[in-house]
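Work through the exercises below with the model open. Try each task before reading its solution.

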Amino acid sequence: MRTIDILVQGATVELFHFYGVAIAPADTGDCREEARLHSDPASTVDFSARGFSGMLALSAHPGVFRSMTGVPPMVDGVGDWMREVANQLMGKVKSRLARFQIALQAELPQLRNPSDVERRGRSCKQQFCYSFRTLKGEVLVTLSGDFDESSLVFSNASPLPLDGKVILF
């Protein structure tokens with residue numbers, strides 16, 4: 001298992017558990033072509049850093065989002081909440097990569113058509129697929145771009161505060 005697989009899977013499980021959704025990885029690494037298809041809509045976050053650039057995409061069955069605890073009612077659908085969850089997932093991945101001396105710069109999350117996500121993923125050097133199961137449906141996370149795992153240098157001294165720490169502005 002690659003380091004990036006562990007980082008993304010751990011961040012996804014931790015995030016959904018925070019919202020009261022029991023989630024478990026279904027498989028790791030490169031999924032079959034048909035398993036890489038996101039549901040509509042998919043939320044994406046573009047990112048870049050030395051040795052890491054690309055796009056993180058997240059989609060889930062609407063029942064998964066409706067089962068999340070502590071979430072405001074979704075009158076107009078799940079689009080806004082999907083963008084927020086993708087943004088939080090990117091933040092968790094970013095903080096984990098900071099431990100490996102990778103300082104990601106992330107863009108704002110966007111909703112995209114699944115065919116746009118697939119087309120963009122095919123044009124990238126690498127694509128990793130992470131499928132998860134919950135009692136309310138499936139969750140899919142894909143990471144596509146250019147990733148140089150040799151640039152990962154672990155350090156205990158993280159430049160970012162740990163989750164749950166108060167940050168004063």
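**Exercise 1. A residue with positive phi**

Is Q101 buried, partly exposed or exposed, and at what relative accessibility?

Solution. First, the ground rules. This is a predicted model, in which local features need pLDDT of at least 70, side-chain atom pairs count only at pLDDT 80 or more, and totals for chains, interfaces and linings use all residues. Residues are numbered from 1 along each chain as its sequence is written, and side-chain values use heavy atoms, with hydrogens and water left out.

Step 1. Set the classes: buried is under 20% relative accessible area, exposed is over 50%, and partly exposed is in between (1.4 Å probe, protein chains only).
Step 2. Q101 counts as partly exposed because its relative accessibility is 36%.
Step 3. Locate Q101: it sits in the loop between α3 and β4 (105-106). Helices (H or I, at least four residues) and strands (E, at least two) are DSSP runs, numbered from the N terminus.
Step 4. Read the backbone. Q101 has a positive phi near 65 degrees, and it is not a glycine. Most residues other than glycine have a negative phi.
Step 5. For another positive phi, go to G20, which follows α1 and has a value near 80 degrees.

**Exercise 2. The chain as a whole**

Set out the order of helices and strands, then the share of buried residues.

Solution.
Step 1. Count the elements: the protein chain has four helices and seven strands.
Step 2. Along the sequence they run α-β-β-β-α-α-β-β-α-β-β.
Step 3. Of the 169 residues in the protein chain, 43% are buried.
Step 4. Take contacts (heavy atoms within 4.5 Å). Among those between residues at least 6 apart in sequence, 74% join residues at least 24 apart.

**Exercise 3. Two helices against the expected span**

Compare the spans of α1 and α3 with the expected values.

Solution.
Step 1. The expected span is 1.5 Å times one less than the number of residues.
Step 2. α1 has 16 residues and reaches 23 Å from first C-alpha to last, close to the expected 22 Å.
Step 3. α3 has 20 residues and reaches 29 Å, close to the expected 28 Å.
Step 4. Check burial. The buried residues of α1 include I4, V8, A11 and F16. Those of α3 include W81, L89, M90 and V93.
Step 5. Test a residue of α1. V13 lies in this helix. Beyond its neighbours within four places in sequence, V13 contacts I23, P25 and F132. V13 and A24 are eleven residues apart in sequence, and their C-alpha atoms are 6.8 Å apart.

**Exercise 4. The nonpolar core**

Which residues touch the most other members of the largest nonpolar core?

Solution.
Step 1. A nonpolar core is a set of buried Ala, Val, Leu, Ile, Met, Phe, Trp, Tyr and Cys residues joined through side-chain atoms within 4.5 Å.
Step 2. The largest has 39 residues, and I4, F16, V139, V141 and L143 touch the most other members.
Step 3. Elements supplying at least two residues each include α1 (3-18), β3 (52-60) and β7. α3 gives the most, eight residues.
Step 4. Look at L58, in strand β3. L58 counts as buried because its relative accessibility is 0%.
Step 5. Outside its neighbours within four places, the contacts of L58 include F16, M82, V139 and V141. With T12, L58 shows a separation of 46 residues in sequence and 9.9 Å in space, C-alpha to C-alpha.

**Exercise 5. V93 and a cavity**

What lines the second largest cavity?

Solution.
Step 1. On a 1 Å grid over the protein atoms alone, a cavity is a set of points where a 1.4 Å probe fits but cannot get out; lining residues have an atom within 4 Å of a point. Points are joined across faces, edges and corners, and the volume is the space filled by probe spheres set on them.
Step 2. The whole structure yields two cavities of 30 Å³ or more. The second largest has a volume of about 40 Å³.
Step 3. Its lining is I4, F47, F52, M90, V93, L97, L104, L143 and F147. α3 gives the largest share, three residues.
Step 4. By class, the lining has nine nonpolar, no polar and no charged residues. Nonpolar covers Ala, Val, Leu, Ile, Met, Phe, Trp, Tyr, Cys and Pro; charged covers Asp, Glu, Lys and Arg; the others, Gly among them, are polar.
Step 5. V93 lies in α3 (residues 79-98). V93 counts as buried because its relative accessibility is 2%.
Step 6. Leaving aside neighbours within four places, V93 contacts V8, A11 and L56.

Terms used
1 Å grid on protein atoms, 1.4 Å probe; cavity = no way out; pocket = protein on both sides within 12 Å on 5 of 7 lines; lining within 4 Å.
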